[in-house]
Amino acid sequence: MLIRRNSAERGHADHGWLKSAHSFSFASYYHPAHMGFGPLRVINEDRVVPGAGFGTHGHRDMEIISYVLAGGLAHRDSMGNGSTIRPGDVQLMSAGTGVQHSEYNASVNDPVHFLQIWIEPSSKGKPSRYAEKHFPAEEKRGRLRLLVSQDGTDGSLSMLQDARLYAGLFDGTEQASLSLAPGRRGYVFLARGQLLVNGERLQAGDALQLQDESLIALSEGQDAEVLVFDLP
């Protein structure tokens, strides 16, 4: 079963300094049919103006992934971590028992465009952790590169959930597929461009839920950057 979610159907918020699109219920946006998908709880597509950002605030018991599409995102947290992530970088913060952090546009001239993804952990009350890694574009070109997993397979970052997050870049004749084991579900989010996914032509911001499907097939990309989740 395939359930499509078009970009325009997402929740939208405009705070002046921040423009955000919510794939699932978040903050003041509430939709009872879109509370999450398995442990996948949040995909927010955020655009932050130069010099602005999210002041220090807290999280706990959530796996928080940041994926930058353009610009630079400056991160600081109560664990002593501080860095600026840019396109190709993946940041994972396991909030665990609790962490305070801030996120700001690292530039005073250019906007930052990024995805913030929340995945519910399989167990609560674990120590907070932080990790980041750069995944070059050539590792994602015409294929799905594993970014985050439970066991850190293939150099991926390790999270506290039996889920896998992949990213791929597709153009022209490039194609790839991902098998889903029985009982697993898939979620595809197209960050940019156009892409054919299991016969559905997705545009930037569109998503596709896959339930009781054995394969995710990607083809006919046009400057496409896609995130694919393999979920319990």
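Strands here are DSSP runs of at least two residues, numbered from the N terminus. With that in hand, a good place to start in this predicted model is Glu 45, which sits in strand β4, spanning residues 40-48. Glu 45 has a relative accessible area of 6%, so it falls under the 20% limit and is buried. Within β4, the side chain of Glu 45 makes a polar contact of 3.5 Å with the side chain of Arg 47. Looking past its neighbours within four places in sequence, Glu 45 is in contact with quite a list of residues: Arg 10, Lys 19, Ser 20, Ala 21, His 113, Phe 114, Leu 115, Phe 189, Ala 191 and Gly 205.

One name on that list deserves a second look. Arg 10 and Glu 45 form a salt bridge, with their closest N and O atoms 2.8 Å apart. Arg 10 belongs to the loop between β1 (2-5) and β2 (11-14) while Glu 45 belongs to strand β4, so this pair ties together parts that lie 35 residues apart in sequence. Are the two partners buried or exposed? Arg 10, at 8% relative accessibility, counts as buried, and Glu 45, at 6%, is buried too.

Now for the other charged pairs. Side chains of opposite charge can pair when their charged atoms come close. The structure holds 12 salt bridges, and a few of them can be picked out here. In one, Arg 145 pairs with Asp 154, the closest N and O atoms being 3.5 Å apart. Arg 145 counts as buried at 7% relative accessibility, whereas Asp 154 is partly exposed, with a relative accessible area of 49%. In another, Arg 192 pairs with Glu 225, and here the closest N and O atoms are 2.8 Å apart. This pair links distant parts of the chain, with Arg 192 in strand β17 (residues 185-197) and Glu 225 in strand β20 (residues 215-231), 33 residues apart. Arg 192 is partly exposed at 28% relative accessibility, while Glu 225 is buried at 9%. There is also a small group to mention: Arg 4, Glu 200 and Asp 206 are joined into one network by salt bridges that share partners.

Next comes the nonpolar side of things. Which residues touch the most other members of the largest nonpolar core? Out of its 27 residues, they are Leu 40, Ile 117, Val 148, Tyr 187 and Phe 229. This core draws on many strands, with at least two residues supplied by each of β4, β6 (63-70), β9 (89-94), β11 (112-119), β13 (144-149), β15 (164-170), β17 and β20. Phe 229 gives a feel for how these pieces meet. Setting aside neighbours within four places in sequence, Phe 229 is in contact with Leu 40, Ile 43, Ile 117, Ile 119, Arg 164, Leu 165, Arg 185, Gly 186 and Tyr 187. Apart from the largest core lies another one, of 19 residues, including Leu 144, Leu 180, Val 197 and Ala 224.

Two of the strands that feed the largest core, β6 and β9, can be followed in more detail. β6 is mostly covered, as seven of its eight residues are buried. On one hand, β6 pairs with β9 in the antiparallel sense over five bridges. Ile 64 stands opposite Met 93 of β9, and Ser 66 has Gln 91 as its bridge partner in that strand. On the other hand, β6 is joined to β11 by seven bridges, and these two strands also run antiparallel. Glu 63 stands opposite Ile 119 in that pairing with β11.

What about β9 itself? Six of its six residues are buried, so β9 is largely enclosed by the rest of the structure. In a regular strand the side chains alternate between the two faces of the sheet. In β9, Asp 89, Gln 91 and Met 93 point one way, Val 90, Leu 92 and Ser 94 point the other way, and all are buried. Besides pairing with β6, β9 pairs with strand β12 (residues 129-134), again in the antiparallel sense, over six bridges. There, Asp 89 stands opposite His 134 in β12.

Methods. Residues numbered from 1 in each chain as written. Predicted model: local features only at pLDDT ≥ 70, side-chain atom pairs only at ≥ 80, totals over all residues. Heavy atoms only, no water. Helix = DSSP H or I, 4+ residues; strand = E, 2+ residues; numbered from the N terminus. Buried < 20%, exposed > 50% of the residue type's maximum accessible area, 1.4 Å probe, protein only. Polar contact = N/O pair within 3.5 Å; in protein donor to acceptor, adjacent residues only side chain to side chain. Contact = heavy atoms within 4.5 Å. Salt bridge = Lys/Arg side-chain N within 4 Å of Asp/Glu carboxyl O. Core = buried A, V, L, I, M, F, W, Y, C linked by side-chain atoms within 4.5 Å. Pairing = 2+ DSSP bridges.
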